[in-house]
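The exercises that follow are to be worked with the sequence and the coordinates at hand. Each task is followed by a stepwise solution.

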Amino acid sequence: MLFNKISLGGADMKFPSIPDKTPFTPLVVMELAEDTNEEAVTWLTSRIKDTQQSGGAELMIDRLTLDDNQDPKKENQNIFIVGASRERLLVGAEDVGLVKEFNDGSMRGFTYANRENFKGFQGDGDNFLSMAECQFIVKHELDTLRARGETHVPGYPKIRLYPGKSVVRRIQSKGILVQIFPLHDKEELKRLSSMWYQNVQLSFQPLDDIRHYFGESLALYFGFLEYFTLAMVPMALIGMPYYLFDWEDYDKYVLFAVFNLVWSTVFLETWKRFSASLAYSWGTLSRKKAFEEPRPGFHGVLGINPVTGRQEPVYSSTKRQLRIYLVSVPFVLLCLYLSLCVMMVYFSAEGLVLGLHDEEPTFWTSLLLYVPSIIYAVVIEIMNRIYRYAAEFLTDWENHRLESSYQNHLTLKVLVFNFLNCFASLFYIAFMMQDMQLLRQSLATLLITSQILNQFVEAFLPFWLQKRRNKRVHRRSGKVSPDQELPFDQQVMLEADMSTYLGTFDDYLELFLLFGYVSLFSCVYPLAALLAVLNNVTEVYSDALKMCRVFKRPFSEPGADIGVWQLAFESMSVIAVVTNCALIGMSPQMKSYFPDSETQLILVVATVEHVFLAFKFILAFVIPDVPRHIQIKLARVEFESMEALKKKVMYTVLLGNRPAPVPDLTKEKA
């Protein structure tokens, strides 16, 4: 097999070229079903190769050539590698609205005509785009490949097509397209791994390198994980002496609770500023939001989209609302009820064990006291995972048209259940039983057990399974050591068998629950922050390991912030104000100030709570979400864009309503 060394994204990478054909850098892999009709394969590949003027994607595609050692009967023959010419990628960068740094230091939307005015563009733009950006562009062009005059997929009369329908999304929803994923770059991955997780060191994560390889959304997650961990260090340092010296007297935790309430607000507001700085430097803060296409799983009767004028499935919003309120909402309420029933079973077991210990206290009965909490923590994790599958099934069944709407409804379902399932027992112990010792024990057990289970299920188990998979592939290829480089075709097959990364949803959910454990009951268990810091330090390394060694490389996703999770964390911090104020009001020290009037105590606690909430919202208002210097840069670019538009309109009027000349890309390529 021949190799073509191409410089892409600032690094020299060695990729195979196709003998006797135009060499290109393989960026994306498309796997079709093994029994795909050859007529459909020929049609799809020709549409991908066709020029844009002909309605094609103007990309390069070729079937993966298997090594002689591979058994054609055992391997899927319908695996294709996709790439693009350098000029096509640069034109695509403008199509997707990529924002890059201009020569004057500002961030501007990239245009092919002005490409030489962008910083870092030299010669023919060899090093201008990162590999992740190139793969994102290829994915976008494939997604926007639309049907022309075809009434159905060739070879499949029942799979209908209509003008304007995304071809790739259609065949993906019908099972013809099994998967599409970007290829790993082994050399770049080794370099990133060595500076990220392979060497344990006290240093910041290489966020720019993570973004360069995996994209902005994933880099923002790791940035938030690091920021959250560093923000909890003061909480951990202050909480340790409270835990060591004032364990039995939680009345003295009032100052710690007050510090916690201020900390949660400052942390979330300063994070927004930090994420805005990151997003601006990465070109996503000012990036225009792309028009959202229907989800692959969306279905309905054929109609006309009033925005685009194209034919596409239409589904009644009334039917969707009926499904949500008559099926989904009752199902969620039923799950919440079952969660409360499991909680009451846990309390019954806790009372039984406590009774045994009181009758005959021994070393073994003292250990037995922790068994119900540990079992309950494991049951909580199992219920969360089972409910997650049910929530995904329900949200799919609701038939949301857009991916953003689907994600919002799924997030709401999962957050409501996980919040009640994880924290209901703690609220019951704190405010109904008012047993602070049991609350500390339950909180510690839930926190530690959930951390251990998550690390095992999300990192170590998948890594072990993938390691076994790698050994089988290397043994089959005749490689002795797993570190030896595989032939390109076998490397593609190995990556095709890797697990698919499903996004940052579960990672953010884990941090959200951890934030709840730390902030809700801080005045009772100050050591929670220290345990959370230790968990997050290991989380950084385990998440980095699974992204580099366990999962397929995900497509880069542009992101300017952490999205709906910012609202989720802020909502949790508001609940934390109410919870901590109520716990302080329940303390014997506070009750001693109002021995004869419980109503007066409640009014004082409610007043203090409102003061804290007011302070929280004032602080959020005073601290700008975007730093001042970035606001000025964004305003300057907006002003210059408006001025340029005015000049273009005046130019058009002076020419007698003739449009201004557009640069000819064909001549520039020549």
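**Exercise 1. Confidence**

Over residues 662-670, pLDDT (the predictor's confidence in each residue, from 0 to 100) stays under 50, and the model has 9 contacts beyond four places in sequence for this stretch; contact means heavy atoms within 4.5 Å. This is a predicted model, in which local features need pLDDT of at least 70 and side-chain atom pairs count only at pLDDT 80 or more, whereas totals for chains, interfaces and linings use all residues. Residues are numbered from 1 along each chain as its sequence is written, and side-chain values use heavy atoms, with hydrogens and water left out.

Task: State the mean pLDDT of the protein chain, and what holds for residues 1-22.

Solution. Step 1: the mean pLDDT of the protein chain is 82, and 88% of its residues reach 70 or more. Step 2: residues 1-22 have pLDDT under 50 throughout, and the model has 56 contacts beyond four places in sequence for them.

**Exercise 2. A strand and its partners**

Task: Determine which strands pair with β3 (residues 28-32), and whether β3 is buried or exposed.

Solution. Step 1: strands and helices are DSSP runs numbered from the N terminus (strands E, at least two residues; helices H or I, at least four), and two strands pair if DSSP finds at least two bridges between them. Step 2: β3 and β10 are antiparallel, with 5 bridges, and V28 stands opposite P182 in β10. Step 3: β3 is also antiparallel to β5 (residues 79-83), with 4 bridges; there, the bridge partner of V28 is V82. Step 4: buried means under 20% relative accessible area, exposed over 50% and partly exposed in between, with a 1.4 Å probe and protein chains only. Because 5 of the 5 residues of β3 are buried, this strand is largely enclosed by the rest of the structure. Strand β10 (residues 177-182) is likewise largely enclosed, because 5 of its 6 residues are buried. Step 5: in a regular strand the side chains alternate between the two faces of the sheet. From β3, V28, M30 and L32 point one way and V29 and E31 the other.

**Exercise 3. Nonpolar cores**

Task: Identify which residues of the largest nonpolar core touch the most other members.

Solution. Step 1: a nonpolar core is a set of buried Ala, Val, Leu, Ile, Met, Phe, Trp, Tyr and Cys residues joined through side-chain atoms within 4.5 Å. Step 2: the largest has 107 residues, of which W196, F214, F222, W263, F512 and W565 touch the most other members. Helix α7 (residues 216-245) gives the most to this core, with 13 residues. Step 3: a second, separate core of 46 residues includes L32, I48, L145 and I176.

**Exercise 4. Two helices**

Task: Compare the end-to-end distance of α15 (residues 505-520) with its expected span, then do likewise for α19 (residues 598-622).

Solution. Step 1: the expected span is 1.5 Å times one less than the number of residues. Step 2: the 16 residues of α15 should span 22 Å, and the end C-alpha atoms are 22 Å apart, which agrees. In α15, 15 of the 16 residues are buried. Step 3: α19, with 25 residues, reaches 36 Å from its first C-alpha to its last, close to the 36 Å expected. Its buried residues include L601, V605 and F612, and α8 (254-282) is among the elements that cover the buried residues of α19.
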